[in-house]
Amino acid sequence: MRVLPGSRIRGTLQVPPDKSLSHRCLILGSLAEGKSVFWNLLPSADVASTRRVLKACGGNMTGDWNRMEVSRATFDKVEAHLDCGNSGTTVRLLSGVMASFANRFGLQGDASLSRRPMARIAVPLAKMGARFFDPSGKLLDPAAAQLPFSIQGSGKLQGIRWHNEKRSAQVKSALLLAGLRSEGGTTVVEPVGSRDHTERLLQMMGALLSLHGNEVHLEPSILSPLEFSVPGDFSSASFFLALAACHPNASLSLEGVNLNPTRTGFLQVLRQAGATIACTEQNGETEPRGSLQVHSGKMQGICISSDQVPSMVDEIPLVALLGVFAQGKTEVKGAGELRVKESDRITVLVQGLRNLGVEIHETDDGFWLEGPQAIRGGTADACGDHRMAMLFSLCGCLSREGVWVEGADSVSISYPSFFTHLEQICSGRG
């Protein structure tokens with residue numbers, strides 16, 4: 001895909017439904033006693049992977065992505081090879097669910113997912129009573145677990161107290177989902193709180209869950225069905241917030257966006273950098289949502305510390321884009337988790353921006369650059385990573401010559417309509 005420079009950014013967008021919440025709605029609906037109804041689920045490749053695996057495990061889902069009815073899955077008739085595609089959320093969260101059922105579940109993924117670390121969920125789940133096997137049937141050391149593997153569940157999991165040093169919402173969610181059917185309570189402690197979508201939905205569904213600072217405790221629970229409409233995805237919105245903040249002639253509105261404070265760290269970073277943003281939040285929402293307006297602004301370089309990373313882990317590469325157009329030094333530290341995403345996002349980011357004429361420096365756990373600079377243009381390889389494909393596309397809009405984005409089709413993983421929306425706001429039709 002070639003993305004050409006845009007002379008102005010104008011319009012109003014309704015960003016796609018939240019990906020994290022869409023996964024969790026399907027999973028929790030498949031565990032509840034009764035029929036749940038969900039509106040506005042994200043029709044992306046990742047969420048389709050969760051739906052596919054749940055249906056293969058006896059899940060009952062009717063309707064479409066606009067309105068889907070979900071009933072309890074049996075988890076008794078299981079296909080030999082459950083394909084999680086490119087979705088880390090699918091394999092990690094469903095491993096927690098499967099650990100509590102007395103069956104063996106074979107899980108696999110694409111080449112990218114097969115490289116991603118799974119020990120972070122396998123080790124604590126093994127301590128609760130699950131076992132992991134390689135494709136030949138040999139028992140796996142959970143500390144070495146990677147896809148493909150089989151998970152042998154147990155009807156008698158034991159609750160656990162786990163320190164989630166990775167600060168990963170996927171790890172926390174996997175353990176809480178396993179804890180729904182365990183014997184005894186399950187507690188997850190984090191140094192810095194990660195995304196709390198799972199906790200909010202569990203509380204809405206009547207789970208025996210309590211919160212104490214960055215500590216979450218869950219007693220075994222029976223879930224009630226839920227009716228819920230998924231708000232817009234803040235991570236998807238962030239790409240357009242960054243574009244409008246960096247562009248010299250921009251005025252953009254984004255409506256119906258999820259404003260959960262554990263997700264909106266990038267919003268605070270934009271303001272810290274000097275971007276002009278207004279926020280209107282709706283009242284009375286368990287998952288807060290609202291509208292955002294952003295205009296061209298004059299920005300200053302900023303430094304991102306490790307404590308800020310959990311609330312904006314998917315948006316960290318966008319900080320580099322802000323840094324290109326900001327006055328002074330922009331630096332990110334403590335973001336080593338980016339190296340084990342769909343790609344090594346630190347290396348892919350730095351190499352891609354260098355190819356486009358930006359001087360940027362890579363560190364072990366982040367990057368730094370001095371601004372302002374110009375994006376010349378050229379070719380950038382997203383390495384099959386949807387977030388990087390979107391980032392390099394924004395570079396095209398902000399460049400002098402345009403950008404060829406290799407691997408642009410990967411945007412379907414989280415934002416199938418991304419290029420349509422980008423064209424709309426660059427042409428003033430948004």
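**Chat: a buried glutamate, cysteines and backbone oddities**

A: Start with Glu315 in this predicted model. Glu315 is buried, yet it has no salt bridge. The nearest side chain of opposite charge is Arg195, 4.6 Å away.

Q: Why does Arg195 at 4.6 Å not give Glu315 a salt bridge?
A: A salt bridge needs a side-chain nitrogen of Lys or Arg within 4 Å of a carboxyl oxygen of Asp or Glu. Arg195 is 4.6 Å from Glu315, so the pair does not count.

Q: What does Glu315 touch, leaving out residues up to four places away in sequence?
A: Ser235, Ser238, Arg263 and Phe266.

Q: And where is Glu315 in the fold?
A: In a loop. The loop containing Glu315 runs between strand S18 (303-304) and helix H10 (316-325).

Q: Switching to cysteines. How many disulfides?
A: The count is zero.

Q: Why no bond for Cys84?
A: Its closest cysteine sulfur is in Cys57, and the two sulfurs are 9.3 Å apart. That is too far, because a disulfide needs sulfur atoms within 2.5 Å.

Q: Is Cys84 buried or exposed?
A: Buried. Cys84 has a relative accessible area of 0%.

Q: What about Cys303?
A: No bond there either: the closest cysteine sulfur, in Cys246, is 18 Å from the sulfur of Cys303, too far. Cys303 is partly exposed, with a relative accessible area of 40%.

Q: Now Cys383. What is its phi?
A: About 55°, a positive value, although Cys383 is not a glycine. Most residues other than glycine have a negative phi.

Q: Where does Cys383 lie, and how accessible is it?
A: Cys383 is in the loop between S22 and helix H12 (386-398). Its relative accessibility is 44%, so Cys383 counts as partly exposed.

Q: Which other residue has a positive phi without being glycine?
A: Arg167 is one, with phi near 55°. Arg167 sits in the loop between strand S10 (161-163) and helix H6 (169-179).

Q: On to peptide bonds. Which residues does a cis bond join?
A: Leu147 and Pro148 are one such pair, with omega about 0°. Pro148 is in the loop between strand S8 (131-133) and strand S9 (149-152).

Q: What about the bond from Gly371 to Pro372, cis or trans?
A: Cis, with omega near 0°. Most peptide bonds are trans.

Q: Where should I look for Pro372?
A: Look in the loop between strand S21 (366-371) and strand S22 (378-381).

Definitions and conventions:
Residues are numbered from 1 along each chain as its sequence is written. This is a predicted model: local features need pLDDT of at least 70, side-chain atom pairs count only at pLDDT 80 or more; totals for chains, interfaces and linings use all residues. Side-chain values use heavy atoms; hydrogens and water are left out. Helices (H or I, at least four residues) and strands (E, at least two) are DSSP runs, numbered from the N terminus. Buried means under 20% relative accessible area, exposed over 50%, partly exposed in between (1.4 Å probe, protein chains only). Lys and Arg count as positive and Asp and Glu as negative; His and the chain ends are not counted. Contact means heavy atoms within 4.5 Å.
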